Amino acid sequence: MDLSTLTALRQPASRAELALAPGEAFLGGGSWLFSEPQVHLTGLVDLTALGWPATERAADGLSISATCTFAQLAALPRRPAWRAQPLLRQCCTALLGSFKVWNVATVGGNICLALAAGPMTSLAVALDATMVVWTPDGPERRVRAVDFVTGVQSTVLRPGEVLRSIDLPAAALRSRTAYRQIALSPLGRSGTLVIARLAEDGGFTVTVTGGTEHPELLTFTGIPTAAELETAVHGIDSWYTDAHGAPDWREAMTELLAEEARTELTNTALEAAS
Ligand SMILES: Cc1cc2nc3c(=O)[nH]c(=O)nc-3n(C[C@H](O)[C@H](O)[C@H](O)COP(=O)(O)OP(=O)(O)OC[C@H]3O[C@@H](n4cnc5c(N)ncnc54)[C@H](O)[C@@H]3O)c2cc1C
């Protein structure tokens with residue numbers, strides 16, 4: 001939609017030009033910003049003009065630029081050592097937009113928008129990401145992904161801060177993962193999204209998003225029993241309610257999907273050991 005209060009679109013060429021003037025906001029892909037009125041805004045600062053590479057391989061993993069689109073992330077060439085890599089595409093598919101949305105929506109925009117059903121937040125938390133944040137006064141700060149989104153449309157970002165990248169450690173990328181997602185309708189927004197991860201050292205985590213107001217991370221030293229996992233799921237106290245699901249349904253579906261994911265990873269681990 002047209003944003004009729006906008007009078008300027010800035011295209012910064014460097015970090016120094018990222019300082020926001022009153023009434024300005026950062027623009028990622030614009031798939032949300034241009035989807036509803038933004039009467040408080042008079043200008044946008046287009047982060048894609050900075051030309052950040054979509055992804056960069058680091059010695060200790062993968063760095064995803066905030067401006068990487070869903071389409072770019074889903075198309076990342078396969079690296080066999082990264083057993084968790086299918087999760088990147090799986091999380092992209094949790095956003096049921098058309099190819100038009102996939103080609104503009106950015107990883108950073110999804111995380112900073114912080115909807116409960118933000119699948120890039122799910123991905124980042126499940127793979128133990130570190131969020132690199134550029135502060136307006138110079139230094140950068142690093143935030144664990146699980147701490148970044150604090151509630152529905154609420155993050156730890158302070159005014160003027162930019163999410164620069166999402167850094168995934170190689171150890172997490174080498175983990176085995178199991179992904180489950182459910183929505184009330186075939187093309188509906190996620191009611192709950194569950195990702196289990198079995199690390200090389202035997203550590204086991206379950207990430208719950210979509211069904212909760214902020215990401216929930218359940219951690220275990222090894223694969224839990226079904227009863228232990230059920231107890232942990234019922235210990236979550238941030239079940240979310242909106243048109244995409246009632247809290248009791250979200251809790252029940254999370255319990256079911258978490259157990260499915262636990263069983264899948266148990267079987268995979270047994271097969272790998274035999
Ligand atoms: C059909 C359709 C389906 C959708 N389904 C979903 C869904 O299932 N789940 C979901 O979460 N969303 C959904 N959305 C909403 C939205 O498209 C996505 O969240 C998308 O990923 C937002 O990314 P963007 O780059 O387009 O963000 P933008 O619209 O550009 O920005 C979103 C917000 O983030 C801020 N921002 C952007 N980048 C940064 C940055 N690097 N640092 C700091 N702030 C930043 C912007 O100022 C703005 O406040 C859907 C939208 C459509 C049209």
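The exercises below, with worked solutions, treat one sheet, several salt bridges and one loop residue of a predicted model.

Residues are numbered from 1 along each chain as its sequence is written, and side-chain values use heavy atoms, with hydrogens and water left out. Because the model is predicted, local features need pLDDT of at least 70 and side-chain atom pairs count only at pLDDT 80 or more, while totals for chains, interfaces and linings use all residues.

**Exercise 1. State the strand order of the open sheet and name its edge strands.**

Step 1. Strands (E, at least two residues) and helices (H or I, at least four) are DSSP runs, numbered from the N terminus. Two strands pair if DSSP finds at least two bridges between them.

Step 2. The order is S1-S3-S2, with parallel pairing. S1 and S2 are the edge strands, each pairing on one side only. From one strand to the next, the twist averages 25°; axes are lines fitted to C-alpha atoms, for helices over the stretch in contact, and angles run from 0 to 180 degrees between N-to-C directions.

Step 3. S2 is joined to strand S3 (residues 43–46) by four bridges. Phe26 stands opposite Val45 in S3.

**Exercise 2. Locate the salt bridge of Arg10 and Glu24, and classify the accessibility of both residues.**

Step 1. A salt bridge is a side-chain nitrogen of Lys or Arg within 4 Å of a carboxyl oxygen of Asp or Glu. The structure holds eleven of them.

Step 2. The N to O distance between the side chains of Arg10 and Glu24 is 2.9 Å. Arg10 lies in strand S1 (residues 8–10) and Glu24 in strand S2 (residues 24–27), 14 residues apart.

Step 3. Buried means under 20% relative accessible area, exposed over 50%, and partly exposed in between (1.4 Å probe, protein chains only). Arg10, at 26%, is therefore partly exposed, whereas Glu24, at 15%, is buried.

**Exercise 3. Describe the surroundings of Thr106.**

Step 1. Thr106 is in the loop between helix H3 (99–104) and helix H4 (107–113). Its relative accessible area is 5%, so Thr106 is buried.

Step 2. Contact means heavy atoms within 4.5 Å. Leaving aside neighbours within four places in sequence, the contacts of Thr106 include Gly28, Gly29, Ala66 and Phe70.

Step 3. A polar atom of the Thr106 side chain lies 2.9 Å from the backbone nitrogen of Gly109.

Technical notes. A polar contact is a pair of N or O atoms within 3.5 Å; within protein, one must be able to donate a hydrogen and the other to accept it, and residues adjacent in sequence count only if both atoms are side-chain atoms.
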